[in-house]
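Subject: Structure for you to look through

Dear colleague,

I am handing over the structure below, together with some notes on what was found in it. Please keep the sequence and the 3D view open beside this email while you read.

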Amino acid sequence: MRRIESQIDTNAPDYKANFAAMSARLKEFHTRQHAARFERPQRDNDRLARQNKLGVRERLKLLLDPGTPFLEFSTLAACREYDGAVPGAAVVTGIGIVQGREVAIHANDASVKGGAWYPLTVKKIVRLLDVALENRLPVIHICDSAGGFLPLQHGVFPDRYLGGRVFRNQVKLSQANIPQIAVVGGIAPQAAPMCQR
């Protein structure tokens, strides 16, 4: 196989300007991503501590095989919606390795509004379940949610790709004999259909 030689001149002014611009964008992205993943009001962290609950990322760390990657989806979802109060859409989704097997994971973030579901939370979960169906991945649901966010509940369940789609996809996963496990930590109304299998 013929080796492809780079023709990029890393000393060219255009290259340097583009590199500097992209580096600044990446730094901004990583700063925003870190905030969405880890920065929470102290009162929310204190509430979890009073309830003797682990944070969502602590739970994931215990679940995933040590030293394996976790491909997280849509870390910045909803970060500019809902007045910026729902980082990551109050849910962590992605693909990780559990007991040596790739699995799709949906984990409510109880440090964000008690893990309540917003319309964009549901879309994020639907997308994860679509990926699980397309790739025949088992699903682990880590449920710790206050249920639908009441002021926006009208936008959580209607429409083809909202709440009903979550349950439809769960049924399709069962129909295809793709395993699902629900781990419930606390009050989680949306977990009831998941736990009936």
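A good place to begin is R47, which sits in helix α2, the helix that covers residues 42-50. Please bear in mind throughout that this is a predicted model. Leaving aside residues up to four places away in sequence, R47 touches A110, S111 and G114. With A110 there is also a polar approach, since a polar atom of the R47 side chain lies 3.0 Å from the backbone oxygen of A110.

Next come the charged pairs. Side chains of opposite charge can pair when their charged atoms come close. How many salt bridges does a search of the whole structure find? The search gives eight salt bridges, and one that you may like to display is between R40 and D109, where the closest N and O atoms are 2.7 Å apart. This pair links distant parts of the chain, 69 residues apart, with R40 in the loop between α1 and α2 and D109 in the loop between β3 (101-108) and α4 (119-135).

On the surface, please look for I8, Y15 and F19, which form a nonpolar patch that has about 310 Å² of accessible area together. Of these residues, F19 has its place in helix α1, which runs over residues 13-38.

The last topic is empty space. Rolling a probe the size of a water molecule over the atoms shows where empty space is left. The largest pocket has a volume of about 210 Å³. Its lining is made of 14 residues, and those closest to the centre of the pocket are N45, G55, V56, E58 and S111. The elements that each give two or more residues to this lining are α1, α2 and α3 (56-63). You will recognise S111 as one of the residues that R47 touches.

Which residues are closest to the centre of the largest cavity? The count comes to one cavity of 30 Å³ or more, and the largest cavity has a volume of about 60 Å³. Its lining holds 13 residues, of which A36, R57, G88, V91 and V92 are the closest to its centre. Both α1 and β2 (91-98) supply at least two residues each to the lining of the largest cavity.

With best wishes

Notes
Residues are numbered from 1 along each chain as its sequence is written. This is a predicted model: local features need pLDDT of at least 70, side-chain atom pairs count only at pLDDT 80 or more; totals for chains, interfaces and linings use all residues. Side-chain values use heavy atoms; hydrogens and water are left out. Helices (H or I, at least four residues) and strands (E, at least two) are DSSP runs, numbered from the N terminus. A polar contact is a pair of N or O atoms within 3.5 Å; within protein, one must be able to donate a hydrogen and the other to accept it, and residues adjacent in sequence count only if both atoms are side-chain atoms. Contact means heavy atoms within 4.5 Å. Patches are made of residues with over 30% relative accessible area and no salt bridge: like charges are joined within 9 Å, nonpolar side chains (Val, Leu, Ile, Met, Phe, Trp, Tyr) within 5 Å. Accessible areas come from the Shrake-Rupley method with a 1.4 Å probe; for residues, only the protein chains shown count as cover. A salt bridge is a side-chain nitrogen of Lys or Arg within 4 Å of a carboxyl oxygen of Asp or Glu. On a 1 Å grid over the protein atoms alone, a cavity is a set of points where a 1.4 Å probe fits but cannot get out, and a pocket is an open set with protein on both sides within 12 Å along at least five of seven lines; lining residues have an atom within 4 Å of a point. Grid points are joined across faces, edges and corners, and a volume is the space filled by probe spheres set on the points.
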